[in-house]
Structure formats: structure tokens, C-alpha cells
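This report concerns one protein and its bound ligand. The sequence and the structure are shown first, and the description follows.

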Amino acid sequence: MDSFTLIVASAMVGAIMAATMGLLYRASSGRRCLLDWAIAGALFSVNNIVGAFAAMSGSWHALLPAIANTIYIAGHYAVLAGVRRHLGRSPRYDVLAALSLAVFLLHLTPFAISSVAHRLLMFTPVIAAINLSIAGLLWRQPDSEARSSYMPLVVLEVLFMFQLTLRAMYMVASEHTPLTFLGSQFLQTSGSLFVLVFLSVVTMCCALIVLRHQELALRRASLTDALTGWLNRRALHDLAERDYRRARRTGEPLYFITFDIDHFKSVNDRFGHGTGDAAIRRVTELSAHALRGYDALFRIGGEEFAVLINGVSAEDARSIAERLRELVDASPLHIDGHTIALTVSVGLAALEPADHKWEDILRRADDALYHAKKTGRNRVCVSGDDAPRLHLVDRSSANA
Ligand SMILES: Nc1nc2c(ncn2[C@@H]2O[C@H](COP(=O)(O)OP(=O)(O)OP(=O)(O)O)[C@@H](O)[C@H]2O)c(=O)[nH]1
């Protein structure tokens, strides 16, 4: 395959990349990284069109390589900008502007004008650095679920960087081989072929990243309560089942804390549903502070919540429940000029040898919660085997 054919094919694949990313952007809920990648595709396409134009017109004025290579490097940078944006970082188009200007001006130096090989040697490190940044950023991502979708792009960027470096080294080694633009030397055609393959595969990699992200977002949404961000009942089943089985196997303790906002109906009635929602959010935020970062938090009813706790002693579980109650009690909600006192009633139950399923623990925690409501609210009630089956935590001693 000659270089000209490869360049025309690359122009087409770049355009296909731009169109694919643009269409995915329209179909997705506005993932802006897709726009960056559409820009990358467009830049790669224009870069190759400039090359094809130069080949057809037979002229290769000093300005043409400056324009073509600046656009080419900008294309690689736009892939990096999209990756940065996807990971929640700024795409840093200001860096792109400065880089493009520097690359363009460097092309006008006598060293760059004098040969294709000089230009390749000058800009190989720039492209390799961009490739390395993309691979490094994605490689360092801790999110194990999304990580598998990053690996194809990591591998592609590393391979691209590797072939760039090999070609640069070969060029240094064979210093006297003259290199011409659109020549049919192996060095030229292999480079063009790599660009063609890179553009085809990078399109698939970017699409894969976005599709995986959307799949994970949908899965999270289906397991999460929109108002509080806590897990919902559907998630409760899977997590409680998993923890129950593990606790049965290992003999480790397992607890359910359930709690419910006291007289919540009156908050809605007096201040409106919006304030009621704010109160629910406030209670869940406070509770999350009282709990440990890795406790699983669930909203299991309108204003009823559950927490799954493992790996602590009965005393510690009781302290956690009491800390939660105290924190809500001590932190009234200030909203629209009103101060609304909020309290919760809390039930606590532990896994018992006679339990057959995790629902048994939850039911006992619910019974304890009901008991706390019946016996005055704003208190923790613990379910136990010994009589009396439910016993109250003495608030004054718990505070001591
Ligand atoms: N604002 C708001 N209210 C909700 C939501 N879900 C449930 N509720 C309301 O929560 C109230 C629950 O009231 P009740 O079950 O009677 O209990 P309560 O008034 O909290 O009284 P006790 O639990 O006995 O202390 C009802 O008025 C529901 O309409 C929600 O998402 N937002």
C-alpha cells in the first residue's frame, strides 16, 4: 500500500471517528468527552486531508508540514482532553493552544524545514508524552468496575508510543537514509499504517469507555435512592444476602440498625413537602457522619432507614446506634427562617444462631424500632434473646 492511499483512508477514518463520537454525544445524555473525541477525529481527518492535498498538488511548501503536524498533535491532545474530561478533570484546552503555537513556530525553524526526518525527531517526544499521559491517567484509575473499559485504550496508546519511539530510533541509527514526504520507504508507510489502525481502534476504545460508563451509571441509579443517595431496597437484598452468608460462614457478628424520623408527618404538614425532603436529606447526612465509611446505608421506606453493620462487638454496634441518635438530636434543621428539631427512633438487632435468613435480623430490628416509638421516641432500643426481649439503652448512661 502506498502512503497516499493510506493517507486518504486515514482522512476517511478520522471523519468516521468524528461522526461516531458526534452521534454518540447526541444519543447520550450529553457526555462532553464525546465532543472532545469528535474534535480529535475531525483534527485527524483534516490533518490527512492537508497531506493528501499536498500530494495531489505536488507542492510541499514549508507551511504545509507546519499546519499538518500542528493539527496532528492537536488531534492526539484532543483524545487526552476527552480522557481528562471523562475522569472529571479540566480538559485544559489552554495547554492545547500553547502547545499548538509552539509546534507551529518550531516548524518554521531552519532545522525543521530542512528535512522530514528532523521534523519527525522533533515531534516524536511530544506525541509520545501525550500518549503516555493518556495511558497513565487511565491506568491509575482505582474504579475497578470501569477500569476494564480503559485497558484497550491504555494498550493502544502504549503500542502507538512504542512504534513512534522505534521509528525515531531507527531514524537516528540510519542517519543518512533520506526521508521524503509521501515517500514509499518502509518507515513512511509503516507510520501511515499505524495511524490508520490507531484511528480505527481509538474510535472503538472511546465508544467502549462511554458505553461502559453509562451502563454503570444506570446500574447505580437502579440501586440508589435519588433523594438521599443511599441504597434502595433492591440493593438491600443483594448486600444483606452476601453479608448474611459470609457472617454464617465466618461466625462474625452482623447487625441491622433501623431508624425512623419521629413525627415526620407533622414536618410535612407544617412546613411543606419540600422542607420534609430537606429534613430527610439532613437526617441521612448526619447519620452518615455517625457511621463508618464502609457501612451499607439503605432507605427502606419513606422516612425509614437501615444500616448493615459487620465486624464489630455488640457494645460497639450499640454505641454506633446511640451516636447516630445523639447527632440527629443535637443538630436541628435551619431552613427558610425556621428551626426544626429532628429526632429519630432507633432499633438494633444482631444475627442470632436460630436465624434462617437476613430478613430475620431486619424484622427484629424493626420490632425494636417499633418498641422505641411506643416507649417515647428519640431512643435506641436493642433486640435481645434474654427477657425482657427488648431493652432500652439508658440515654443518660449512654451519654456518660
Ligand atoms: N417530604 C417527604 N415526605 C415523605 C416521603 N416519604 C414519606 N413521607 C411522609 O412521611 C410521613 C410518615 O408519617 P407516619 O408514618 O405517620 O409517621 P410519623 O409522622 O413520622 O410518626 P412516627 O413515625 O410515629 O413518629 C407521611 O406523611 C409520608 O407522606 C418523602 O420522600 N418526602
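Two domains divide the protein: domain 1 covers residues 3–223 and domain 2 covers residues 233–399. Their C-alpha centres are separated by 53 Å. The model is predicted, with an ipTM of 0.94 and a pTM of 0.71 given by the predictor for the complex.

**Confidence**

The protein has a mean pLDDT of 88, and 91% of its residues reach 70 or more. Over residues 385–400, however, the pLDDT is below 50. This stretch nevertheless has 20 contacts in the model beyond near neighbours in sequence. Where pLDDT is low, predicted coordinates should not be read in detail.

**Annotated transmembrane regions**

An unreviewed UniProt entry lists residues 6–25, 37–56, 62–83, 95–114, 120–139, 151–173 and 193–211 under "transmembrane region". Two of these spans are set out below, with their secondary structure in the model and the distance between their end C-alpha atoms.

| Span | Helix | Strand | End C-alpha distance |
|---|---|---|---|
| Residues 120–139 | 100% | 0% | 27 Å |
| Residues 151–173 | 100% | 0% | 33 Å |

**Surroundings of the ligand**

Which residues come nearest to the ligand? Of the 16 residues around the ligand, these are Asp262, Phe264, Lys265, Gly276 and Gly302. Three elements each give two or more residues to the shell: strand β1 (254–261) and the helices α10 (264–271) and α11 (273–290). The largest share comes from α11, which supplies 4 residues. By residue class, the shell comprises 7 charged, 5 polar and 4 nonpolar residues.

**The β2–β3 pair**

Strands β2 (residues 296–299) and β3 (residues 304–310) pair in the antiparallel sense, and 4 bridges link them. The connection from β2 to β3 is a hairpin of 4 residues. Within this pairing, arginine 299 has phenylalanine 305 of β3 as its bridge partner. In a regular strand, side chains alternate between the two faces of the sheet.

**Summary**

In outline, the predicted model has two domains, 3–223 and 233–399, with C-alpha centres 53 Å apart. The shell around the ligand draws its largest share from α11, and β2 and β3 form an antiparallel pair. The stretch 385–400 has pLDDT below 50.

Definitions and conventions: Residues are numbered from 1 along each chain as its sequence is written. This is a predicted model: local features need pLDDT of at least 70, side-chain atom pairs count only at pLDDT 80 or more; totals for chains, interfaces and linings use all residues. pLDDT is the predictor's confidence in each residue, from 0 to 100. Two residues are in contact if their C-beta atoms, placed from the backbone, lie within 7 Å. UniProt positions are given in the numbering used here, feature names are shortened, and annotations may be inferred rather than shown by experiment. A residue is near a molecule or strand if its C-beta atom, placed from the backbone, lies within 6 Å of it. Ala, Val, Leu, Ile, Met, Phe, Trp, Tyr, Cys and Pro count as nonpolar, Asp, Glu, Lys and Arg as charged, and the others, Gly among them, as polar. Two strands pair if DSSP finds at least two bridges between them. Domain bounds come from an automatic or database domain assignment.
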